[in-house]
Amino acid sequence: PTHIHPALQKWALVTQEKMASPLDFNSSYSHYWSAHSRDVLFGAHLNSLSSQFNGFSVCHPIYDDQVMNLTLEHAIYSAILSTGATATFMFLPSWNGSMITNPYSKLLTAYPHLCFNLEPI
């Protein structure tokens, strides 16, 4: 929803978008990452998983269980290893209103001090 990005920028100081493309990135963010090398021409940084997540970012991985699990794991370990303030807001699907059946839900419950489930509005 279009109201989510401005709210994250205003209230959570988000300045980066992970896993975007030139066709769907939010131009109000100062940085965005893409998986495609050709996107460098449009200002993208490459491969968001190649470096530690830092600062405040939003991430909307493709709806592939393996990619979502890997991305969530990367965000958690980045937060653990970070020496500065780090927050990654991830858009993850909740099929049928339940996160219990998703493979990445084990990561969410394994790190309750780092992961918070914000229900859709």
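# Close-up views of a predicted protein model

Of the 121 residues of the protein chain, 33% count as buried. The structure shown above is a predicted model, and the legends below take the reader through selected places in it.

**View 1. The elements of the chain follow one another in the order α-β-β-β-β-α-β-α, starting from the N terminus.** In total the protein chain has 3 helices and 5 strands. Several of these elements return in the later views: helix H1 covers residues 4-12 and strand E1 covers residues 16-18, strand E3 covers 45-46 and strand E4 covers 55-59, helix H2 covers 65-81, and helix H3 covers 105-110.

**View 2. The structure holds 1 aromatic pair.** Tyr 77 and Tyr 111 make up this pair, which is edge-to-face, with 6.3 Å from centre to centre and 80° between the planes. Tyr 77 belongs to helix H2 whereas Tyr 111 belongs to the segment after helix H3, so the pair ties together parts of the chain that are 34 residues apart in sequence. As for their surroundings, Tyr 77 counts as partly exposed because its relative accessibility is 38%, while Tyr 111 counts as buried because its relative accessibility is 18%. When looking at such a view, it helps to remember that a pair of aromatic rings is described by the distance of the centres and the angle of the planes.

**View 3. A nonpolar patch on the surface is formed by Tyr 77, Ile 80, Leu 81 and Leu 114.** Together these four residues have about 370 Å² of accessible area. Leu 81 is found in helix H2, which spans residues 65-81, and Leu 81 counts as exposed because its relative accessibility is 61%. Tyr 77, already met as a member of the aromatic pair, is also part of this patch.

**View 4. The charged end of Lys 18 sits over the ring of Trp 33.** The distance from this charged end to the centre of the ring is 3.6 Å.

**View 5. The side chains of Arg 38 and Asp 39 meet in a salt bridge.** The distance from N to O is 3.8 Å, and a search of the whole structure finds 1 salt bridge. Side chains of opposite charge can pair when their charged atoms come close. The two partners have contrasting surroundings, since Arg 38 is exposed, with a relative accessible area of 55%, whereas Asp 39 counts as buried at 2% relative accessibility.

**View 6. Leu 13 and Asn 47 are residues other than glycine that have a positive phi value.** For Leu 13, phi is near 60°, and this residue lies in the loop between helix H1 and strand E1. With a relative accessibility of 55%, Leu 13 counts as exposed. For Asn 47, phi is near 45°, and this residue is found in the loop between strand E3 and strand E4. Asn 47 has a relative accessible area of 40% and is therefore partly exposed.

**View 7. Leu 107 and Leu 72 are 35 residues apart in sequence, yet their C-alpha atoms are 7.6 Å apart in space.** Leu 107 is found in helix H3, and Leu 107 counts as buried because its relative accessibility is 13%.

**View 8. Ser 78 and Leu 49 are 29 residues apart along the chain, and their C-alpha atoms are separated by 9.9 Å.** Ser 78 lies in helix H2, and with a relative accessible area of 2% this serine is buried.

**View 9. Phe 116 and Phe 89 are 27 residues apart in sequence and 9.4 Å apart in space, taken from C-alpha to C-alpha.** Phe 116 lies in the segment after H3, and Phe 116 counts as exposed because its relative accessibility is 65%.

**View 10. Cys 59 and Cys 115 are both buried residues.** Cys 59 counts as buried because its relative accessibility is 0%, and Cys 115 is buried with a relative accessible area of 15%. A search of the whole structure finds 0 disulfides.

How values were computed
Residues are numbered from 1 along each chain as its sequence is written. This is a predicted model: local features need pLDDT of at least 70, side-chain atom pairs count only at pLDDT 80 or more; totals for chains, interfaces and linings use all residues. Side-chain values use heavy atoms; hydrogens and water are left out. Patches are made of residues with over 30% relative accessible area and no salt bridge: like charges are joined within 9 Å, nonpolar side chains (Val, Leu, Ile, Met, Phe, Trp, Tyr) within 5 Å. Accessible areas come from the Shrake-Rupley method with a 1.4 Å probe; for residues, only the protein chains shown count as cover. Helices (H or I, at least four residues) and strands (E, at least two) are DSSP runs, numbered from the N terminus. Buried means under 20% relative accessible area, exposed over 50%, partly exposed in between (1.4 Å probe, protein chains only). A disulfide is a pair of cysteine sulfur atoms within 2.5 Å. Rings of Phe, Tyr and Trp (its six-membered ring) pair if their centres lie within 6.5 Å; planes under 30 degrees apart count as stacked, over 60 as edge-to-face and the rest as tilted. A charge sits over a ring if NZ of Lys or CZ of Arg is within 6 Å of the ring centre and within 35 degrees of the ring normal.
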